[in-house]
Amino acid sequence: AGLHDVEKYQELANRVAKIGSSTGKGSRWFEMRCEELRSHLSSKVKLEDFVTDRRDAKVVLHLWKTDAKWLEWRQPTIAGLKHLVSLRGPFRAAQLADLQEIYFRYFDGLDEHAALGRVVLTGLRKLNAKRLLSHHRKYRRFGDSIFAPDGPIQVAKAAVANDLPFEEHIKTLGLDKAVSGRYMHACKQAYYVETVNSLPVGEMHPVFNELVERATKESAYDSKLNVGQKVGQILIRKCGNRPDGMPQNWIQLVTDILGDPRRPKTAPSYQKWWAPMARNDEALMRRWLAGADLRLFLKILKDSSSDADLQRMYPARRKFLEGLLENHDIVDARLFLSEKACDLIRREYGKDALAAHGQLYERDKTVIYMNIENKLHFFEGTHNYKARGGGVMPDRHRVLSRTAVKFEYSEFTTQLERELKKAGKSVKPPLETFGRRHYPPISWQNNLIWEFEYYGVKVDPETVLTRSDYLKYRRKFGI
C-alpha cells in the first residue's frame with residue numbers, strides 16, 4: 001500500500017512539473033515571457049531584436065490583443081509581422097483570428113492598418129476554406145473590399161448602391177461578428193455620408209432620424225469635423241449652385257443637426273458646431289435662413305393683417321418681398337418678433353427656434369431686417385410700419401448683434417432713422433437714407449424701386465409687382 005501511494009505521488013508531481021514547463025496561456029513560462037517583453041515597452045530596440053523564440057509569436061499576439069499600453073508602443077508593423085512568420089511559419093487560423101480581432105478593433109488607430117489587413121487576407125486565402133469558420137470564409141470571399149485601405153467606405157458604398165439596410169449588408173459580409181471597434185464605427189460613419197451623398201436634393205431618408213441624435217452627430221468623422229458637420233457640409237454643397245437654394249425641409253434638417261449659424265460667434269453652440277465649418281458653407285446657410293425668415297415674416301404679416309386696409313395692402317407687400325427674395329441676394333436677415341409671433345413659433349417649431357430671433361416688447365408688431373447684396377440695410381414690419389433703409393449701419397449696432405435679444409419698438413422707428421442718417425453722413429460720399437409708407441398703391445413700390453437703385457440694387461418692377469399692378473405701373477409711369 002505504501003509503494004502504491006509513492007507511485008501516485010510521483011505521477012502527480014510529474015503532472016505539476018509538466019504544467020509548470022508548458023508554454024500555453026496561463027502557464028508560468030507564458031506569464032514570465034509577457035513580463036519580459038513588457039520590459040522593452042518604451043525602449044528603442046526593435047521588436048525583431050528581442051522577440052527571438054518561435055513561441056514568442058503567441059505572446060506578442062496576446063499582448064497586442066490585451067495590453068493597450070503595449071499596443072500603443074509596439075503596434076503591429078509589416079516588419080514585425082514578417083518577423084513573427086519567420087520564427088514560426090505562416091499564421092494558422094487561430095492566429096489569423098487574433099489578427100482580425102486586432103484589425104477590426106483598432107483599425108485606423110494603427111499606423112499600418114492597411115498592411116495588417118493585407119496580411120490577414122493573404123493568410124486567409126492560403127488556408128483551406130473548409131477549415132475556416134463561416135464568417136472567416138466571408139472575410140476571405142469579400143476581403144478585397146473589407147481589408148482595402150478604404151475598406152469602410154467600400155463597404156458603405158456597396159450597401160447604398162444595392163439599396164440594402166446597413167445591418168443586413170454587414171451580416172452578408174460576416175462583419176456582424178466585428179460589431180465593436182473602430183472599423184465598424186468607421187463603416188457606420190461612411191454609411192451615413194454615402195447615403196446622404198446619394199440623395200437627390202430635398203429627399204428625406206430614415207438615416208436622418210439617427211443623425212439628429214447627439215451620440216451619432218457628435219462622433220468624430222475626421223481630424224476636423226464630426227459626423228453631423230460632415231453631413232451638414234454635404235447637404236449645403238449639394239444645394240450651393242441651385243438657383244432655388246436649399247429646400248425648407250433640408251434647412252430645418254441642417255439646423256436640427258448643427259443649430260443656427262447666426263447665433264453669436266462667442267456662443268458655445270456656435271463654437272462647437274459652426275466654427276470648424278468652412279466660412280463659405282456658413283455664408284450659404286445664412287442666406288437660405290434669411291430667405292426662410294422672410295417667408296416666416298410673410299406668414300406673420302398675413303396673420304397680422306386683421307383690418308380691411310391691411311388685408312387690402314397685404315398681397316402687394318407680399319409680392320414685393322417675394323420678388324426681392326427670388327431675384328436678389330439677401331445676405332442676412334433677422335426677425336424681431338412680437339409676443340404673438342413668439343407664441344406662434346413656439347407652437348409650430350418649438351422653443352429652440354426662437355434662439356436666432358430678436359423679441360420686441362410688443363404684443364402684435366413684428367419687424368424684419370434684411371441685408372440686400374451687402375449694399376442696402378432694409379427694414380420692413382407688420383401693421384403700419386414704414387419701410388426704412390440705408391447704405392450703412394452703425395458699427396456694433398444692437399440690431400446686428402446676435403447677443404442682443406430683447407428690443408424696444410422705438411429702436412426700429414425714430415431711433416433707427418436717426419442712427420441710419422448719422423451713419424450715412426459718416427462715409428464719403430455721404431449716403432441718403434429713406435423711410436416710405438406703403439401708400440398710395442403703385443407709387444410706394446415705385447418709390448422703393450428708385451430708393452433701391454440709389455444703393456446699387458436694381459429691381460425689375462415686373463418681379464415685385466402683381467400682374468395687375470404691373471400693368472397699372474406701366475400706364476402710370478410710362479415704362
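These questions and answers concern a predicted model of one protein chain.

Student: How many helices and strands are there in the protein chain?
Tutor: The two kinds of element are counted separately in this predicted model. The strands come to seven. The helices number 24.

Student: What radius of gyration does the protein chain have, set beside a compact globule of 479 residues?
Tutor: A compact globule of 479 residues would have a value near 23 Å. The C-alpha atoms here fill a box of roughly 125 × 50 × 40 Å along the principal axes. The radius of gyration of the protein chain is 35 Å.

Student: Is strand β1 mostly covered or mostly uncovered?
Tutor: Buried means under 20% relative accessible area. Over the protein chain, buried residues make up 48% of the 479 residues. In β1, residues 330-337, eight of eight residues are buried. Strand β1 is therefore, by the under 20% cut-off, mostly covered.

Student: Which strand runs antiparallel to β1, and which residue in it stands opposite Leu-335?
Tutor: Six bridges join β1 to strand β3, residues 367-372, and the two run antiparallel. Within β3, the residue opposite Leu-335 is Ile-368.

Student: In β2, which residue is the bridge partner of Leu-337?
Tutor: Strand β2 covers residues 358-360 and pairs with β1 in the parallel sense, over two bridges. The partner of Leu-337 in β2 is Gln-359.

Student: What is the handedness of the β-α-β unit that β1 and β2 make with helix α20?
Tutor: Strands β1 and β2 pair in the parallel sense. Helix α20, residues 339-349, belongs with them to the β-α-β unit. The unit is right-handed.

Notes: Residues are numbered from 1 along each chain as its sequence is written. This is a predicted model: local features need pLDDT of at least 70, side-chain atom pairs count only at pLDDT 80 or more; totals for chains, interfaces and linings use all residues. Side-chain values use heavy atoms; hydrogens and water are left out. Buried means under 20% relative accessible area, exposed over 50%, partly exposed in between (1.4 Å probe, protein chains only). Helices (H or I, at least four residues) and strands (E, at least two) are DSSP runs, numbered from the N terminus. Two strands pair if DSSP finds at least two bridges between them. A crossover is right-handed if, with the strands pointing away from the viewer, the path from the first strand over the helix to the second runs clockwise. The radius of gyration is taken over C-alpha atoms; the globule rule is 2.2 Å times the number of residues to the power 0.38.
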